[in-house]
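Hi,

Here is the structure I promised to pass on. Have a look at it first, and then read on for what turned up.

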Amino acid sequence: MTSKIVIILCVIVGLFMISYSVSWFVKDETISTNKIAIIPIRGMIVSQDASSFYQKTTASSTIIEFLKLAIKNENIKGIVLDINSPGGTVVASKEIAEVVKSSPKPVVAFIHEIGTSGAYWIATAADEIVADPLSITGSIGVTASYLEFSKLFEEYGITYRSLKAGKFKDIGSPFKELTTEEQTLLEQKLDKIHDVFIREVASNRNLTEPAVRALATGIYFLGEEAQELGLIDTLGNKELAINKTKERAGITDAKLTTFKKERSVVDVLSSLSIQALYSLGRGIGEAEVLPLSTMPTI
C-alpha cells in the first residue's frame, strides 16, 4: 500500500515538473530552412513577468529572450513584431527597443489595433512599421499619476503625520496634498523622460526633433494619419508585414515560427496565490508611509 502511495506521489511530482519545464516553447508551424519569427507584444509592457487578473502584461525580459533566440537561430531570416499594446513602463520599453535596433536581421513592426507610447517606441526601432489603417498609434508622452486622499481624511478627522529624513522622502504620498514645489520637481523628471522619447523617435524615424516634438502632445493617431505624418511606413495587415520582412531578408518563401510563452499549471497556481496575497497585502501594507505614486509610463 505504501509503495502505491509513493508511486502516485512520484507521478504527481513528475507531471508538476514537466508542466513547469514546458512553460517556454516556440510554436514552429513546420520545419524549413528559411523562417520568419513572429514575436507577439500584448498588453502592458513591464520589466519582469507579472501575473494579473486585471490586465494582460508582457515582460521585456521575455521579449528580449525571444529576440535573442531569433537572432541566434540561423534558419530565422527576419522578425515580425506583432504589436497590440498601449505601452508600459519606461525602462521596459527602452530595453526592448534597444535590442530591436541592434538586430542584425531585418525587423518589421506590425501594429494591429493599438501600438502607442512605449509600444510605439519599440515599433520605431524596427526597420519598417506596417499598421492597420484604423489602428491607434503614436501617443508620444509620459504619465505618472496617483489618487490623493487628503481631503477625504479631513472630512473624517484623520490626520497624516509625516516622519521623514529627507525633504522629499514622502513625495507622492496619497495621504497629503502635493505642494507646488513637489509637483514642479516631478514634472521636470517627466519632461526629461519625454525628451529622451522624442529624441529616440526622431532618430529612429529619420525625422527632426522639432517635427516630433510638435506631435508629442500625448495624442494618438489613426494609422492613416500616422502615415501622413511619417510616424509609420505602410498601411496594411500582418500578411503584408510578413512579406515586407521576406523582402528585406532577400527571400521569397519562408515558414512562420511563433514565439510565445505558455502558462503552465505552475504559473496558474502561482498567479492565484500571488493575487490572493497581493490583495491581502494591500489591505495591510498601504498604511506604510511610503511614496505610492505610480512609475512613469509611456
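Searching the whole structure, which is a predicted model, turns up 3 aromatic pairs. One of them is W121 with F197: the ring centres are 5.1 Å apart and the planes sit at 20°, so this pair counts as stacked. The two rings come from distant parts of the chain, with W121 in helix α4 (residues 118–124) and F197 in helix α6, 76 residues apart. Both W121 and F197 are buried.

F197 also turns up in the surroundings of S139. You'll find S139 in the loop between β8 (136–138) and α5 (150–155). Is S139 buried or exposed? Its relative accessible area is 14%, and because the cut-off for buried is under 20%, S139 counts as buried. Leaving out neighbours within four places in sequence, S139 is in contact with T116, S117, F197, G218, I219 and Y220.

Now for the charged pairs. The same kind of whole-structure search gives 12 salt bridges. In one of them, the side chains of K238 and D82 meet at 3.3 Å, N to O. This pair links distant parts of the chain, since K238 is in helix α9 and D82 in strand β5, 156 residues apart. K238 is partly exposed at 31% relative accessible area, whereas D82 is buried at 5%.

Another salt bridge joins the side chains of K151 and E177, at 3.9 Å from N to O. Here K151 belongs to helix α5 and E177 to the loop between α5 and α6, 26 residues apart. K151 is exposed, with a relative accessible area of 52%, and E177 is partly exposed at 48%.

R205 deserves its own paragraph. It forms a salt bridge with D233, with the closest N and O atoms 2.9 Å apart. R205 lies in helix α6 and D233 in the loop between α8 (223–229) and β10, so the bridge ties together parts that are 28 residues apart in sequence. R205 is buried, at 11% relative accessibility, while D233 is partly exposed at 33%. A polar atom of the R205 side chain also lies 3.1 Å from the backbone oxygen of G230. Not counting residues up to four places away in sequence, R205 touches Y120, T124, I129, G230, L231, I232 and D233.

Back to K238 for a moment: salt bridges with shared partners join R42, D82 and K238 into one network. As for the helix that holds K238, α9 covers residues 238–249 and spans 17 Å from first C-alpha to last, close to the expected 16 Å. At its N-terminal end, N237 acts as a cap, with a side-chain oxygen 3.3 Å from the backbone nitrogen of E239. Just after α9, G250 takes a positive phi of about 75°. Within the helix, A241, I242, K244, T245 and K246 are buried. The strands that the buried residues of α9 pack against include β2 (35–42), β5 (76–85) and β11 (255–261).

Last, the nonpolar interior. The largest nonpolar core has 45 residues, and L67, L81 and V100 have the most contacts inside it. Helix α3 (residues 90–102) supplies the largest share of this core, 6 residues. A second, separate core has 10 residues, among them I38, V108, F110 and A254. As for V100, its contacts beyond four places in sequence are L67, L81, V107, I122, A125 and A126.

Cheers

Terms used
Residues numbered from 1 in each chain as written. Predicted model: local features only at pLDDT ≥ 70, side-chain atom pairs only at ≥ 80, totals over all residues. Heavy atoms only, no water. Helix = DSSP H or I, 4+ residues; strand = E, 2+ residues; numbered from the N terminus. Expected span 1.5 Å × (residues − 1). Buried < 20%, exposed > 50% of the residue type's maximum accessible area, 1.4 Å probe, protein only. Contact = heavy atoms within 4.5 Å. Polar contact = N/O pair within 3.5 Å; in protein donor to acceptor, adjacent residues only side chain to side chain. Core = buried A, V, L, I, M, F, W, Y, C linked by side-chain atoms within 4.5 Å. Phe/Tyr/Trp six-rings, centres within 6.5 Å; stacked < 30°, edge-to-face > 60°. Salt bridge = Lys/Arg side-chain N within 4 Å of Asp/Glu carboxyl O.
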